[in-house]
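Visitor: Could you take me slowly through one part of this model, the sheet to which both chains contribute, and explain each term as you reach it?

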There are 2 protein chains.
Amino acid sequence: MPVLWFPGAGLVSDPVGSLSRMSSTDQARDAGRTVAEYWAAAESRDWAAFGALVAEDVVYEAPQSRERVSGREAYIRFNAEGFPGGWHLAVQRIVSQGQTAVSMIEFTEEGTSQTGLCFFDLDGDGRIARITDFWPEPYEPPAGRAHLAGRY
Amino acid sequence: MPVLWFPGAGLVSDPVGSLSRMSSTDQARDAGRTVAEYWAAAESRDWAAFGALVAEDVVYEAPQSRERVSGREAYIRFNAEGFPGGWHLAVQRIVSQGQTAVSMIEFTEEGTSQTGLCFFDLDGDGRIARITDFWPEPYEPPAGRAHLAGRY
């Protein structure tokens, strides 16, 4: 009986093999699993495992800061040396479709947490070829709509 | 021959019906299609169509501003009255899995564009029950990692 992995559901059995017949579903599962492994490798500072999940020609972009890192070696260095503190991360959600996945993580350092949102595109070998990384920061709501929304 | 809709691919034919056998794939397609229709309704200020896509008890949250809007009527008002300008939006990506979808849009107003990222969770009736909305803003990269990343 095939055992399949789903984001949020973990390993599930597939008694009639109906799920594993669909290549697009396989890709969706792989993209979600790959991204889960990517974050697990980052959290454990296992840069060899981390590097094995990304393509040789991976491109990372952070549209907010317009930072770009190209290539596996540079990208491992960016992660291993660019964030030296005692941070931890927890995956909150992974949504995947085909060769794309989106993650929501909680990144915590020195008691402060921030949400990170990341889009991943995998290549034909199942490696992460493109990463688009967002870090939304708190802001005050516009005064003009204060009567239309509550706060929490 | 069933005709199926995929985000990014539009309508495609399904000659052997293999795709339509899978309920999880159907749900993924529906979530992506629903979110595409949601943004099309918003762009055309068709608040009746917009309201029909969200659940009676929809909950909208913007974690950055900690704004929350509960219920369909309040949520239509928030959108129709809270953003009065001559804005336009363009969907850049939709990623969907099961009853969840994530969108990346470009929101343009008075010549200024901003990226919006939104997580949608659908209920059992296929309506949008929960919206989690993020608006990442530009920031300067931390100086400590300037040697590890280029700019674009």
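Guide: Seven strands make up an open sheet with mixed pairing, in the order 9(A)-4(B)-3(B)-8(B)-7(B)-6(B)-5(B). Here helices (H or I, at least four residues) and strands (E, at least two) are DSSP runs, numbered from the N terminus, and two strands pair if DSSP finds at least two bridges between them. The model is a predicted one, in which local features need pLDDT of at least 70 and side-chain atom pairs count only at pLDDT 80 or more, while totals for chains, interfaces and linings use all residues. Residues are numbered from 1 along each chain as its sequence is written, and chains are lettered from A and ligands numbered from 1 in the order in which they are written.

At the edges of this sheet stand strand 9 (150–151) of chain A and strand 5 (88–97) of chain B, each of which pairs on one side only. Helix 3 (residues 72–82) of chain B packs on the sheet, where it touches strand 3 (54–62) and strand 4 (67–70) of chain B, and its direction makes about 50° with that of strand 3 of chain B. Contact means that the C-beta atoms of two residues, placed from the backbone, lie within 7 Å; axes are lines fitted to C-alpha atoms, for helices over the stretch in contact, and angles run from 0 to 180 degrees between N-to-C directions.

Starting from the edge in chain B, strand 5 of chain B runs antiparallel to strand 6 of chain B, and nine bridges join them; one of the bridge pairs is B:Ser96 with B:Ala101. These two strands form a hairpin with two residues between them, and B:Gly98 in the turn has a positive phi of about 60°.

Strand 6 (residues 100–109) of chain B is also joined to strand 7 (residues 112–122) of chain B, again antiparallel, by 10 bridges. Across this pairing B:Met104 stands opposite B:Leu117, and B:Ser103 has B:Cys118 as its bridge partner. This hairpin too has two residues between its strands, and B:Glu110 takes a positive phi near 50°.

Strand 7 of chain B also holds B:Phe120, which, leaving aside neighbours within four places in sequence, is in contact with B:Ala31, B:Val35, B:Thr100, B:Ala101, B:Ile128 and B:Ile131. A:Phe120 and B:Phe120 have the most contacts inside the largest nonpolar core, which has 48 residues.

Technical notes: Core = buried A, V, L, I, M, F, W, Y, C linked by C-beta atoms within 7 Å. Buried ≥ 20, exposed ≤ 12 C-beta atoms within 10 Å, placed from the backbone.
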